[in-house]
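Below are some notes on the model, set out as numbered points. Please read them with the structure open.

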Amino acid sequence: MALNYDPQLWGFVASEAWRRARRRLRSGPLYRWRFSGKTPERILIAPPDLRLADGATAREFYRGRFPLAGSVVETGGTSPFRVERAPAAWQEALHGFRWLRHMRAAETTLAAGNARALVSEWISIHGRRIAAPAWAPHITARRLIAWLQHSPIVLTGADMAAYRTFLKSLAVQMRYLRAVAAEMPDGEERVRARIAIVFATLSLPSSPARLHAVSKALALELDRQILPDGIHISRNPGAGLELLADLLPLRQTYFNQGEAPPDALIGAIERMLPALRFFRHQDGVLARFNGMGATSHDRVAAILHHDDTGGAPILHASHGGYDRLAMGGTTIIADTGAPPPPDVSHEAQAGCLSFEMSSGRHHFIVNCGIDSYGAEDFRLLSRSTAAHSTATVNDTSSARFTLPGRLRAMVGSPLIGPIRKVRAKRFDSPGIHGVSASHDGYLSRFGVIHERELMLAGNGDIFEGTDRFYSDRNGMARPGPGLTVQIRFHLHPDIGVFRNERGQLVLKGNDTDIWTVEVEGVAPVVEESMFFAAISGPRRSRQLLVEIDPSVLPEVAWRFTRIEKAG
């Protein structure tokens with residue numbers, strides 16, 4: 001792998017090393033005194049929690065079974081906080097305490113007592129020594145929010161000593177976050193740390209000057225990370241969903257305390273709610289781009305219940321780099337933007353110019369998505385261009401995300417080049433939604449620019465596309481010989497594919513619309529695929545593969561036609 005000189009990569013490595021050094025300093029002995037101080041006298045308010053809860057999970061916890069982050073760990077009677085060799089994602093979820101909402105949903109004395117005992121165990125085992133993973137800043141932020149939101153159940157029946165111990169731990173965690181938030185990695189978790197600090201400042205006795213300062217810090221982070229079209233700078237639809245689950249309760253907490261929320265907070269929410277609807281298919285599931293995995297439509301609906309903007313979603317998200325074509329029950333969502341900055345791209349995928357298509361409440365063409373808690377090999381595969389409904393050149397991804405071992409241990413797996421320029425243009429007209437976009441991710445290595453044109457017409461019954469491959473930015477020269485282009489259309493696992501009596505490929509599932517597929521000059525091949533983003537875990541699926549020599553056939557036109565609607 002050629003890493004000798006990549007300014008983007010090595011600049012990121014240098015900034016990451018400097019940021020880590022500053023964070024170690026701020027959380028080390030020289031700063032430790034900043035975490036101590038006066039213990040608050042009481043909790044003024046418990047913020048609401050919008051995340052879905054299941055009281056049955058509380059009963060599992062009482063039996064010593066902890067189903068978290070896609071894994072179930074049985075503690076065998078010991079404290080879950082003493083369990084060793086548990087999956088990293090499970091440990092993060094355990095120490096984040098968002099599962100307290102299940103204990104509260106159970107509405108039983110037993111669940112309340114168990115919640116109080118588990119919080120007390122955490123304080124006893126981890127509360128006096130700041131060390132990973134329990135005190136990783138992003139986990140601390142989640143825990144601080146969860147403890148405040150569910151403090152009524154934790155403190156029900158608690159004696160004065162336990163009450164004060166809980167309050168003291170809350171205060172230490174808040175001061176710790178204030179010290180390290182600025183040195184956290186860029187992205188969603190840094191915003192959440194600022195949100196947690198404001199939650200704590202509103203919920204515990206604090207001065208007006210302190211509230212003003214922490215509100216201003218949050219406002220600056222929101223203005224920087226939430227783009228004008230409401231999409232998060234990571235370009236991950238899930239980031240907006242997760243942040244709204246914290247920002248909406250925060251807005252309500254300001255109001256409940258008689259305080260005016262910052263304008264930046266109100267503005268961010270008003271932009272993010274329509275952006276969430278932009279990514280939503282008609283069944284309520286979010287499109288799978290840049291780290292988006294399985295989503296519960298009930299969870300999306302619970303957030304959008306607070307959307308008072310109304311109206312149809314926007315069609316062109318120019319800042320986030322996405323386009324939406326929608327009419328007659330057909331929805332197309334396409335990635336027409338450049339990759340996010342490296343420091344917020346650790347979950348991003350090399351899916352430039354990919355799209356998803358749903359018809360009615362069923363998905364037909366998808367990206368493979370990501371299995372959030374699955375094997376690392378699957379996660380890497382799901383980030384590849386081949387796992388998206390777009391084109392590859394020589395089966396190579398349009399961006400790099402695998403680094404040598406030592407470098408990866410230091411900076412993770414950011415998405416690094418070589419895409420430098422993505423151009424997109426809408427061409428809507430009455431009865432037609434269309435977009436044309438191109439990227440140069442294959443120009444430096446193979447001398448190829450990929451351009452894709454998408455058009456939805458006929459009241460949603462006709463979806464046409466054209467893929468072009470050329471070797472200059474003017475679109476005039478053909479690529480040289482020796483290259484192979486693969487155009488993939490990944491099918492949702494619920495969709496079957498067969499040929500009708502005319503030899504056409506037909507797409508159909510149980511009680512779905514029926515679509516035919518035609519490709520000019522090339523016969524698509526049906527091959528195996530994998531859908532990683534299913535609620536139940538990865539599922540086998542199929543894909544339509546079109547393979548061409550771009551020096552011979554530099555342009556491929558294809559068409560999906562709906563020939564029958566369900567029912």
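1. Leaving aside its neighbours within four places in sequence, which residues is Ala193 in contact with? The model is a predicted one, and in it Ala193 touches Ala141, Leu177, Ala181 and Met184. The residue belongs to helix α10, which covers residues 188-203. Is Ala193 buried or exposed? Ala193 counts as buried, because its relative accessibility is 0%. Arg178 precedes or follows Ala193 by 15 residues in sequence, and the two C-alpha atoms are 8.3 Å apart.

2. Helix α10 also packs on helix α12 (residues 237-256), with axes that come within 10 Å and cross at roughly 15 degrees. An angle under 35 degrees counts as roughly parallel, so α10 is roughly parallel to α12. The crossing of α10 past α12 is left-handed. On the α10 side the contact is made by Glu188, Val191, Arg192, Ile195, Val198, Phe199 and Leu202. Their counterparts in α12 are Ala239, Glu242, Leu243, Asp246, Leu247, Pro249, Leu250, Thr253 and Tyr254. Sorted by class, the residues in this contact of α10 with α12 are 11 nonpolar, one polar and four charged.

3. In helix α4 (residues 88-96), the buried residues are Trp90, Leu94, His95 and Gly96. What do the buried residues of α4 pack against? They pack against two strands, β1 (65-68) and β2 (71-74), and two helices, α6 (109-126) and α7 (137-149). Phe97 follows α4 and has a positive phi, near 65 degrees.

4. Leu304 is in helix α14, which spans residues 297-304. Its relative accessible area is 11%, so Leu304 is buried; the cut-off for buried is under 20%. Not counting residues up to four places away in sequence, Leu304 touches Leu273, Leu276, Arg277 and Arg280. Pro274 is 30 residues from Leu304 along the chain, and their C-alpha atoms are separated by 8.7 Å.

5. An open sheet is formed by eight strands, in the order β9-β10-β11-β12-β19-β16-β15-β14, with antiparallel pairing. Which are the edge strands? They are β9 (422-426) and β14 (496-499), each of which pairs on one side only. On average, neighbouring strands of this sheet are turned by 20 degrees against each other, direction ignored.

6. Within that sheet, strand β10 (residues 433-442) pairs with strand β11 (residues 448-457) over eight bridges, in the antiparallel sense. Ala437 stands opposite Arg452, a residue of β11. Arg452 is also one of the residues that Ser354 touches.

7. Where is Ser354 placed? Ser354 sits in the loop between β5 (330-335) and β6 (355-359). It counts as buried because its relative accessibility is 0%. Not counting residues up to four places away in sequence, Ser354 touches Phe289, Ile333, Ala334, Asp335, Asn367, His388, Ser389, Thr390 and Arg452. When viewing this loop, Ser354 and Arg452 can be displayed together, as the two are in contact.

Methods: Residues are numbered from 1 along each chain as its sequence is written. This is a predicted model: local features need pLDDT of at least 70, side-chain atom pairs count only at pLDDT 80 or more; totals for chains, interfaces and linings use all residues. Side-chain values use heavy atoms; hydrogens and water are left out. Helices (H or I, at least four residues) and strands (E, at least two) are DSSP runs, numbered from the N terminus. Buried means under 20% relative accessible area, exposed over 50%, partly exposed in between (1.4 Å probe, protein chains only). Contact means heavy atoms within 4.5 Å. Two strands pair if DSSP finds at least two bridges between them. Axes are lines fitted to C-alpha atoms, for helices over the stretch in contact, and angles run from 0 to 180 degrees between N-to-C directions. Angles under 35 degrees count as roughly parallel, over 145 as roughly antiparallel, 65 to 115 as roughly perpendicular and the rest as oblique. A crossing is left-handed if the near helix is turned anticlockwise from the far one by less than a right angle, and right-handed if clockwise. Ala, Val, Leu, Ile, Met, Phe, Trp, Tyr, Cys and Pro count as nonpolar, Asp, Glu, Lys and Arg as charged, and the others, Gly among them, as polar.
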